[in-house]
Amino acid sequence: MDQEQLLQKALPLLGGRENVSRTAVRSDDLYITVKDAGVVDLETLGTLEGVEKTEYSRNRIALRQKEESLPKEGPDMAKKKLNYSKVAENIIANVGGKENISSVRHCITRVRFRLKDEGKADDSIVKDLEGVISVVHGGGEYMVVIGDAVADVYEAVCNQLGMAGGVAEEGKDQQDKTNPALKLLNTVVASIGPCLNLICAGGIVKGLLSLLEMSSMVPAGTGMHTLIMAIGCTVSFAQIGVVLAMYLKSRDEELKGIALPAFLSGIFGVTEPAIYGVTLPRIKMFVLSCIGGAVCGAFISLTGTTMYQFTGLGVFAILGLLSPETPKVVMAILCAVVPFAFSFLAGFVLYKEEIVSEDASDQGKTIRGRAEIEAPVAGQIVPLSEVPDETFSGGMLGHGFAVEPTEGKVYAPFDGVCEMMFDTLHAMGLRSDQGVALLIHVGLETVSLNGKPFTAHVKSGDRITRGQLLLEFDMDAIRVAGCSLITPVLVTNEGETGSVTVEEDRLIVGA
């Protein structure tokens, strides 16, 4: 039988449908949160057909099905059937409709709406929607707690709202009324936007060159003058050489999907996607591209090539190296080929993919015995029930404890993998080599700080070692921003690990 059929059989023993506040499926378990545990017949629940065992903790009951009674599709069938588009549609309809939504974003567990009128949102209905765990208000946001599927639901919400990046676009009627000249200006500004950083950088280099020339420190026509001019105009060839090498050598489909468009735009001097999307996150490759730029400048200086005028960035810069009287086409082309070839060859030889070994991945999926997990943050242990956020205090995302920090540092509590470091650095998901999935959420509502008080020392996919410093946070800055420092530490795969209990400053997971 599937989980819905099991729930229907269990309802009379749970005090009826009206006593059930929410349900969730994890692994082989059906989790049921009840309003009044006093009317639940736990003993009889354990004798239901297909039920292997029952567990009870803080108004939440877990029913584990016998393997032979599970549906053929497997224990994750309910999750696979979740229609994200339908979930998004239901949420939008019950928070006041599309016209009531100003913007939307998401954090590690919640889709966060800014509503024009929160009074139009019906909490009682939204809480009971399929795929929704709870509703939380705070910081001027209406937060719908989704859990693991938050990114998928957020994407579906944005698609239905017609929002780019969670910000509403102008309505058609309003766009039609826009002055044609203003629309043209907006188009030009939007097309220049992606190039602004690069243009500014080139302008700074050329402004510096003008000052050096005026002060006679770097006379026009000298090798140094040519070298600085080259750095300002032709560095993109070194950048795209490294990017192409990474594209050809990598087996990471996500990286390849970013690298190829970045390479193509870099040909025309727009290297922002290459820098910020490909090389800078892999700092050694970025340094290599800078060395390639220096090689380019050295080549131009040694060959006495002159830039006669500024003709643009990327491939267009080659035209500026051609003399109107005696153009040396081959030499101008070599000024692009030399840094490209150097960076490509060096990148192809030196680039190594950071891959988590299959052994480590397999270990992360296997639960082996009893695990003891110490608090990853120094401070006073606080029962989860005392956390002033019902998403955590109600055990909706898992069980564990919270810490009131006395030091702004998070350390690895075990050997394993950092499965996810959230973009705003306020939360991370870890998995131990024994298979325990741990969520560490530094402070409450700290997602709104956009990572400013945090310094991460690991990234998603990194191996971690017990005692390793993972994250630092500025406690004073978080307090000044009006956010709580209390840090929930939760085991999020209790259905796989077995029971989670707290003993002093550690979590005891499994048998």
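**Helices, sheets and cores in the predicted model**

The buried residues of H15 (buried means under 20% relative accessible area, exposed over 50%, partly exposed in between, with a 1.4 Å probe and protein chains only) are Ala332, Cys335, Ala336, Pro339, Ser343, Phe344, Ala346 and Gly347. This is a predicted model, in which local features need pLDDT of at least 70 and side-chain atom pairs count only at pLDDT 80 or more, while totals for chains, interfaces and linings use all residues. Residues are numbered from 1 along each chain as its sequence is written, and side-chain values use heavy atoms, with hydrogens and water left out.

Helices and strands here are DSSP runs (H or I, at least four residues, for helices; E, at least two, for strands), numbered from the N terminus. The buried residues of H15 pack against helix H11 (236–249) and helix H14 (283–303), with contact taken as heavy atoms within 4.5 Å. H15 covers residues 329–350, and its 22 residues should span 32 Å at 1.5 Å a residue; the end C-alpha atoms are indeed 32 Å apart. The expected span is 1.5 Å times one less than the number of residues. There is a bend of about 30° at Cys335, with Pro339 following within four residues; the bend is the angle between axes fitted to the seven residues ending at a residue and the seven starting there.

As for H14, its 21 residues reach 31 Å from first C-alpha to last, close to the 30 Å expected. Its buried residues include Met285, Leu288, Phe299 and Ile300, along with glycines such as Gly292 and Gly293. Right after H14 comes Gly304, with a positive phi near 70°.

Now for the strands. E17 (residues 437–441) is mostly covered, with five of its five residues buried. Ala437, Leu439 and His441 point one way, Leu438 and Ile440 the other. E17 pairs antiparallel with E16 (residues 427–432) over five bridges; two strands pair if DSSP finds at least two bridges between them. Leu438 is the bridge partner of Leu430. The hairpin of E16 and E17 has four residues between the strands, and Gly435 takes a positive phi near 100° there. E17 also pairs antiparallel with E21 (residues 487–491), over three bridges, and Val489 in E21 is the bridge partner of Ile440.

An open sheet of three strands runs in the order E11-E23-E22, with antiparallel pairing. E11 (371–374) and E22 (500–503) stand at the edges with a single partner strand each, so one side of each is left without a neighbour in the sheet. Four bridges join E22 to E23 (residues 506–509), and Glu503 stands opposite Arg506 in E23.

The largest nonpolar core has 33 residues, and Phe473 and Leu507 have the most contacts inside it. Such a core is a set of buried Ala, Val, Leu, Ile, Met, Phe, Trp, Tyr and Cys residues joined through side-chain atoms within 4.5 Å. Strand E20 (residues 469–473) gives the most to this core, with three residues. Leaving out residues up to four places away in sequence, Leu507 touches residues including Ile373, Phe401, Leu438, Val489 and Val500. A second, separate core of 27 residues includes Ala88, Val95, Ala149 and Tyr154.

Two threonines round things off. Thr391, in helix H17 (residues 390–393), is buried, with a relative accessible area of 0%. Thr54, in strand E3 (residues 51–57), counts as partly exposed at 26% relative accessibility.
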